[in-house]
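Grab a pencil and work through these exercises with the structure open beside you. Try each task yourself before you read its solution.

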Amino acid sequence: MKISVIGCGYLGAVHAASMASLGHDVVGIDVDAAKIGALSEGQAPFYEPGLPQLLTEGIASGRLRFSTDIADAAGSRVHFVAVGTPQMKTSGGADLTYVDAAFTSLLPHVASGDLLVGKSTVPVGTAARLSELVEPTGALLAWNPEFLREGFAVQDTVSPDRLVYGVQAGQQASVDLLNEVYAAAVSADTPVVVTDFATAELVKVAANAFLATKISFINAMAEIAEVTGADVTQLADAIGYDARIGRRFLNAGVGFGGGCLPKDIRAFTARAEELGRGESVAFLKEVDAINLRRRQRALDVVVEELGGSVYRKKVAVLGLAFKPDSDDVRDSPALDVAVQLHGLGAHVVGTDPEAIPNSQRLHPQLTFGTLDEALDGADAVVLLTEWKQYRALDPSAIAAQVSQPILVDGRNALDPAAWRAAGWTYRGLGRR
Ligand SMILES: NC(=O)C1=CN([C@@H]2O[C@H](COP(=O)(O)OP(=O)(O)OC[C@H]3O[C@@H](n4cnc5c(N)ncnc54)[C@H](O)[C@@H]3O)[C@@H](O)[C@H]2O)C=CC1
Ligand SMILES: O=C(O)[C@H]1O[C@H](OP(=O)(O)OP(=O)(O)OC[C@H]2O[C@@H](n3ccc(=O)[nH]c3=O)[C@H](O)[C@@H]2O)[C@H](O)[C@@H](O)[C@@H]1O
C-alpha cells in the first residue's frame with residue numbers, strides 16, 4: 001500500500017522505515033530539510049537501535065523515500081501525521097500548531113477515500129475538531145495513538161503489543177485500511193481496540209499518566225525510605241511479586257523525563273481543567289512534583305557526600321540521555337542534574353555513549369568528555385542514566401582512576417555490596 005508519513009522525528013522516522021519494512025511503499029515528509037537530507041541518505045538523525053538498518057534496506061528496495069515537499073503525499077492511500085505536540089510554556093497544554101499546520105498543508109493533496117491517521121499525542125477533542133476540516137475532501141480520519149518506547153522503537157512498531165483505532169461511527173473503511181496497513185505487524189493474538197476518537201485520544205494520555213504515576217509512586221516510597229532507613233529497591237521487589245502490581249516501572253531514582261511522559265501529564269492536566277474536570281487528574285500535579293523533587297534529592301546527596309559544597313570539585317556525570325539506548329535529552333533528569341551541579345560551581349564532566357552532541361547543543365557551558373575523561377581525578381561519580389556499559393563498570397578498576405571513591409547511583413542500578421567492597425562510598429536514592 002502507498003503510505004505517507006508527515007513528520008519524521010523520533011516517532012515518524014521509525015514509523016516510515018518500519019512501514020516500508022512491512023512491505024509498504026512509503027514517503028516520509030518533514031519540513032526540516034537537514035533531517036530529510038540525512039534520512040534520504042539512509043542516516044538516522046537520532047540514535048535508535050535497528051533504525052539505520054531499516055533505512056538502508058528500505059531505500060535500497062525502493063520502498064522508502066523522503067521529501068520536504070508535502071505534495072509528494074499525493075497518491076498515497078493512507079497518510080500518517082506524526083508531528084510534534086510539545087508543551088506550551090504558558091499553560092502546560094499541548095501546542096497543536098504543528099498538527100494543525102500538517103493537516104492544513106496535507107489536505108489539498110489528499111483524494112476522496114484516502115485515510116488520514118493521526119499518530120501524534122493530542123488532547124482529547126482534537127480529532128473531532130480536525131474531522132470537520134477533513135470531511136469536505138471526502139477523505140476519512142482515524143486516530144491511531146502510538147505506544148512505542150524509545151530504544152525499542154523499531155521492535156515496538158513492527159510488533160506492537162496492541163493497536164488502538166479511533167474511528168468515526170460506521171466508518172468500517174477506516175478500520176479495514178488500518179488492518180491492511182498493520183497486517184504484517186500483528187499476530188492472531190494482537191489485541192486491536194476499535195473505538196471512537198475521544199477514547200483513542202484518552203487511551204494514549206491515560207497510558208502515559210499511569211506509567212508516570214507508577215514511577216512517582218515508587219519515588220514517593222523512596223522519600224519515605226530515606227527518612228526511615230528502609231530500602232526502596234527491596235520494597236519494589238516485594239510489592240512487585242504481586243502480579244496485580246508488577247515489578248516493571250517501579251525503579252526509583254532520579255525520575256522520569258523525555259519528550260513524552262512529563263509533557264503528556266501536563267497537557268492532560270491542562271485539558272482536564274479546560275473541560276472543567278481538573279480535580280479528576282489533580283493527582284498528576286503531585287506526580288509531577290514528586291518527580292521533579294528527585295532531581296533535587298540527587299543533587300543534595302552529591303553535595304552532602306562532598307562535605308556540604310561541590311564548589312570547584314570535579315564531578316563525573318555518567319549518562320545524559322533521559323534513559324539508556326537513546327540520545328534524547330528532552331527534559332532529561334540526568335542533564336538537568338548536571339546543569340544544576342555546574343550552577344553550584346562544580347567542575348562537571350558529563351559523558352554518555354550517544355547523547356553528548358544533543359547535550360552540548362542545549363548546554364554549551366558544560367564540559368563533556370569520554371568516560372575516562374570524566375572519571376580521571378573525579379571527587380565524586382554520579383550515575384544518572386543506566387547504560388549497560390555503566391552497569392558493567394568494575395568498581396575496583398576505576399577506584400584507582402578517581403580522586404575520591406564516592407559514587408551516587410541516581411538510578412539504583414549498581415550493586416552496593418560490590419562497590420562498597422571495592423572501597424567506595426555508595427549512595428543510592430531511597431536505598432540504605
Ligand atoms: N518519541 C516517542 O517515543 C513518541 C512520540 N509520540 C508522539 O508523537 C509526536 C511526535 O513526537 P516526536 O517524534 O518525539 O517529536 P519530534 O520533535 O522528534 O518530531 C516531530 C517532527 O515533526 C516535524 N514537523 C513539524 N511540523 C511539521 C509539518 N507541518 N509538516 C511536516 N513535518 C513537521 C518536525 O520537523 C519534526 O521532525 C508527539 O505528539 C509525541 O507525543 C508518541 C509515542 C512515542
Ligand atoms: O508517548 C511516548 O512517547 C512514550 O513514552 C514512554 O516511552 P519513553 O519516553 O520512550 O520511555 P520510558 O521507557 O517510558 O521511560 C520514561 C522515563 O521514565 C524513567 N523510568 C522508567 C521506568 C522506571 O521504573 N523508572 C523510571 O524512572 C526512564 O528513565 C525515563 O526517563 C512510554 O513508555 C511509551 O509507551 C510511550 O509511547
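## Exercise 1: The surroundings of ligand 2

Task: Find the helix that contributes the most residues to the shell around ligand 2, then sort that shell by class.

Solution. Start with the helices: α8 (residues 197–228) gives the most to this shell, with three residues. Keep in mind that you are looking at a predicted model. Next, look at the residues that come nearest to ligand 2: out of 21 around it, these are E150, N251, F256, G258 and C260. Finally, sort the shell by class: ten residues are nonpolar, seven are polar and four are charged.

## Exercise 2: A residue with an annotation

Task: Locate C260 in the chain and decide whether C260 is buried or exposed.

Solution. Begin with the record: in an unreviewed entry, UniProt places the feature "active site" at C260. Now find its place in the chain, which is the loop between α9 (232–240) and α10 (261–274). Then count neighbours. A residue is buried if 20 or more other C-beta atoms lie within 10 Å of its own. C260 has 25 other C-beta atoms within 10 Å, so C260 is buried. As a last step, check its contacts: leaving out residues up to four places away in sequence, C260 touches T121 and N208.

## Exercise 3: The surroundings of ligand 1

Task: Which residues come nearest to ligand 1, and which helix supplies the largest share of its shell?

Solution. There are 27 residues around ligand 1, and G7, G9, L11, S120 and T121 come nearest. Two helices, α1 (10–21) and α4 (97–106), each supply at least two residues of the shell. The largest share, four residues, comes from α4. By class, the shell divides into 13 nonpolar, nine polar and five charged residues.

## Exercise 4: Two helices and their buried sides

Task: Work out why the buried residues of α4 lie on the same side of the helix, then look at α9 in the same manner.

Solution. First, a helpful rule: an α-helix has 3.6 residues a turn, so residues three or four places apart point the same way. In α4, the buried residues are V99, A102, F103 and L106. They lie on the same side of α4 because they cover an arc of only 95° around the axis. The buried residues of α4 pack against β1 (2–6), β4 (78–81) and α5 (126–134).

Now move to α9, where V232, T233 and A236 are buried. Their arc around the axis is only 105°, so these residues share the same side of α9. The buried residues of α9 pack against α8. Turn to the face of α9 that points away from its buried side, and you find the exposed residues Q234, D237 and A238.

## Exercise 5: Domains and one buried residue

Task: How far apart are the C-alpha centres of domain 1 and domain 2, and is I398 buried or exposed?

Solution. The domain assignment gives domain 1 (2–194) and domain 2 (292–427). Their C-alpha centres lie 37 Å apart. The contact between them takes six residues from domain 1 and seven residues from domain 2. On the side of domain 1 that touches domain 2, four residues are nonpolar, one is polar and one is charged.

Next, zoom in on I398, which lies in helix α16 (residues 395–399). I398 counts as buried because it has 21 C-beta neighbours inside 10 Å. Not counting residues up to four places away in sequence, I398 touches L375 and L393. To finish, compare sequence and space: I398 and D372 are 26 residues apart along the chain, and their C-alpha atoms are separated by 9.1 Å.

How values were computed:
Residues are numbered from 1 along each chain as its sequence is written. Chains are lettered from A and ligands numbered from 1 in the order in which they are written. This is a predicted model: local features need pLDDT of at least 70, side-chain atom pairs count only at pLDDT 80 or more; totals for chains, interfaces and linings use all residues. A residue is near a molecule or strand if its C-beta atom, placed from the backbone, lies within 6 Å of it. Ala, Val, Leu, Ile, Met, Phe, Trp, Tyr, Cys and Pro count as nonpolar, Asp, Glu, Lys and Arg as charged, and the others, Gly among them, as polar. Domain bounds come from an automatic or database domain assignment. Two residues are in contact if their C-beta atoms, placed from the backbone, lie within 7 Å. A residue is buried if 20 or more other C-beta atoms lie within 10 Å of its own, exposed if 12 or fewer, and partly exposed in between; C-beta atoms are placed from the backbone. UniProt positions are given in the numbering used here, feature names are shortened, and annotations may be inferred rather than shown by experiment. The arc is that of the directions from the helix axis to the C-beta atoms.
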